[in-house]
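Good morning, and thank you for coming. Please have a look at the sequence and the model on the screen, and then let us go through some of the residues together.

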Amino acid sequence: MLLFYFFEDCSMNLFSVSHKTSLQAMKHIRNFSIIAHIDHGKSTLADRMIQLCNQVTVREFKDQMLDNMDIERERGITIKSQTICLPYTAKDGKVYELNLVDTPGHVDFSYEVSRALSSCEGALLLIDAAQGVQAQTLANLYLAMENSLEIIPVINKIDLQSAEPEKVAEQIEDDLGLDRDHIQLCSAKTGQGVNDILEAIVNFLPPPQGDPASELQALIFDAHYDPFRGTIISCRIINGTIRAGEMIKFMSNNATYKVEEVGLFRGIGKEAQKQLSAGQIGYILAGIKTISDTRPGDTITHKDRPCAQALAGFKKVQQVVFSSIYPISTDDYENLATAIEKLQLNDAALTFQKDSSVALGFGFRCGFLGLLHLEVIQERLEREFDISLILTVPSVKYNFYLNDDSMVEVDNPAHFPDPSKVSRVEEPYIKATILMPEKYMGVVMALCMERRGENTHYHYPMPGRIELTCELPLAEVIYDFYDKLKSATQGYGSFDYELYDYRPSDLVKLDILVNGELVDALSQLVHRANSRARGLHACEQLQREIPKQMFKIAIQAAIGGTIVARTTISALRKDVIAKCYGGDISRKRKLLEKQKAGKKRMKTVGNVEIPQKAFLAVLKSEQ
């Protein structure tokens, strides 16, 4: 009996020591994100931090270390938030574990930013010394404030000749309301001031809270699929401890798995650990082959000792752009289904459901956060899964109110209700915020008015810069508004938006007919005022891309039974009178009439094949 008490007492002492050790280790952990407007230097600053913490050798290093997709490197943008654990020896001689979560800057990927911020206690707000506070800077700051994060403002690119750090510091203090004394100056390109930023992270950002001895609560904030090891889960341990060999449970669907490996993201790969404790950010491998079991925002707990309740997770994301994706080869349909499911695991903002088209066969109707998001998904499907695709014209979600007072949401032209049964239609509007130098005010105002902008207001946040707010129909923005804005302001304009409300609209369905046959995949939902211009643009693009046939091809845009635009592809003609050297004219006329009759007969039975590039050409913006 005495022996039993002795062992129990020893085990309690060991538990007490390990618990104190875990709590002590938490004081040396800092979890933080880098947030900024697009192209303000987030990835470059992350590169310098990785180098200063000696996480990669000179031979292994490459620019944009955390951007592991080819498309990210080619475009110079961050699409997926990435995590890395950096061991940093501070000036006080202690070693700190800095968990950096790099985030995208483009407005289309703000959902990715919100998920990254949920796993952090602090954030570095990066601001360009030459451009100052931009639209997305404000949007990301508000996201960080919603998550109650401690914020360190950082002025980057101080090595530029056009840099004005003093003016930007005033802007940060006056417009953002942040403490000027905490502002850090750096040049991520040269490495100047990056050491001071690391010290500020250690001194100003709080350590994580949580109890390593409590029931396991781990928040899934990201995941990606590995063909050899299954789903790799990126998670933040809120409470408790997880080790290899333990049985875990996903609280959203009660799926259970045995943990094969836990670890931290290091340098150019993953480093296995004995355990992950409260406050840490790392990965979990559990041989998960069923992709749908893993959902970002879900809570992981122990199967035998579950936590009392799940974590709050993430708010539901709102898709604003919808397009149908079809494989060029019908044999690729199953491959496309698997590819989209794997991509959705990696990108929770992507939604899809089955769809079909008379012209293109079976495919998927997908929802996206914006046109850049659509382009990225298309390129990833084609590159990573080697599937050739056709996309339909993007559209937004409209509200159709019928005569019986019922409401139908329509995002696909194929589901357009009978016009005689519709009492009114409402389309989504956004509240757009545009920051730019004041000399571009006129051209940007003209662009907004051209896109049916309303309730335009402006004010001067600082001398020489103007902030314009305007309410715009979302359908007018999703195509090329951002590109036109960048061109009009020579790259100095920045743009951010949020869904505002739904307003009455005069909406029509624009159909495209090729040789008298309706091509359902090219149908569009457009405002009546823009219907002729859109129809003519589609007809002209198809005229350029569809190859000539032996008969004349009419390409028409129609609203109901009314043709609003038309172009014609002339026929390939054989010179049937080349062999006639003089003689009676009736001989030539007879040959021409015979050819004419043949072409007329061919037109009634001939089929026109529309190439893939013709579908893509309709998406190109009109001049």
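Let us begin with Asp-511, which lies in strand E27, residues 507-514. I should say at once that this is a predicted model, and everything that follows is to be read in that light.

Is Asp-511 buried or exposed? Its relative accessible area is 13%, and the limit for a buried residue is under 20%, so Asp-511 counts as buried. Which side chain does the side chain of Asp-511 meet in a polar contact? The partner is the side chain of Ser-523, at 3.0 Å. If we leave aside residues up to four places away in sequence, Asp-511 touches Leu-518, Ser-523, Gln-556, Ala-557 and Ala-558. Ser-523 therefore appears both as the polar partner and in the list of contacts.

Let us turn to charged pairs. Side chains of opposite charge can pair when their charged atoms come close. How many salt bridges does the structure hold? There are 21, and I shall discuss some of them.

Consider Asp-411 and Arg-365, whose side chains form a salt bridge with an N to O distance of 3.2 Å. This pair joins distant parts of the chain, for the two residues are 46 residues apart. Asp-411 sits in the loop between strand E22 (407-410) and strand E23 (422-437), while Arg-365 belongs to strand E19, residues 361-368. Both partners are buried: Asp-411 has a relative accessibility of 17%, and Arg-365 has 6%.

Within the residue range given for strand E23, 422-437, there is another pair to consider. Arg-424 and Glu-426 meet through their side chains in a salt bridge of 3.7 Å, N to O. Here Arg-424 is partly exposed at 39% relative accessibility, whereas Glu-426 is buried at 13%.

Salt bridges can also be joined together in this model. Which residues are linked in such a network of salt bridges? They are Glu-454, Glu-471, Asp-501 and Arg-503.

A further salt bridge takes us to a sheet. Glu-271 pairs with Arg-266, and their closest N and O atoms are 3.4 Å apart. Glu-271 is partly exposed, with 35% relative accessible area, but Arg-266 is buried, at 18%.

Where do these two residues stand? Arg-266 falls in strand E12, residues 261-266, and Glu-271 falls in strand E13, 269-273. E12 and E13 pair in the antiparallel sense over 5 bridges. One of the residues involved is Val-262, whose bridge partner in E13 is Gln-273.

These strands are part of an open sheet of 8 strands, with antiparallel pairing and the order E11-E10-E16-E7-E8-E15-E12-E13. Which strands form the edges? They are E11 (256-258) and E13, each of which pairs on one side only. On average, neighbouring strands of this sheet are turned by 40 degrees against each other, direction ignored.

Finally, let us consider the nonpolar residues. The largest nonpolar core contains 79 residues, and those with the most contacts inside it are Leu-381, Ile-434 and Phe-495. Strand E23 supplies the largest share of this core, namely 6 residues. A second core, separate from this one, has 30 residues, among them Tyr-96, Val-154, Val-194 and Leu-205.

Thank you for your attention.

Terms used. Residues numbered from 1 in each chain as written. Predicted model: local features only at pLDDT ≥ 70, side-chain atom pairs only at ≥ 80, totals over all residues. Heavy atoms only, no water. Salt bridge = Lys/Arg side-chain N within 4 Å of Asp/Glu carboxyl O. Buried < 20%, exposed > 50% of the residue type's maximum accessible area, 1.4 Å probe, protein only. Helix = DSSP H or I, 4+ residues; strand = E, 2+ residues; numbered from the N terminus. Pairing = 2+ DSSP bridges. Axes fitted to C-alpha atoms, helices over the stretch in contact; angles between N-to-C directions. Polar contact = N/O pair within 3.5 Å; in protein donor to acceptor, adjacent residues only side chain to side chain. Contact = heavy atoms within 4.5 Å. Core = buried A, V, L, I, M, F, W, Y, C linked by side-chain atoms within 4.5 Å.
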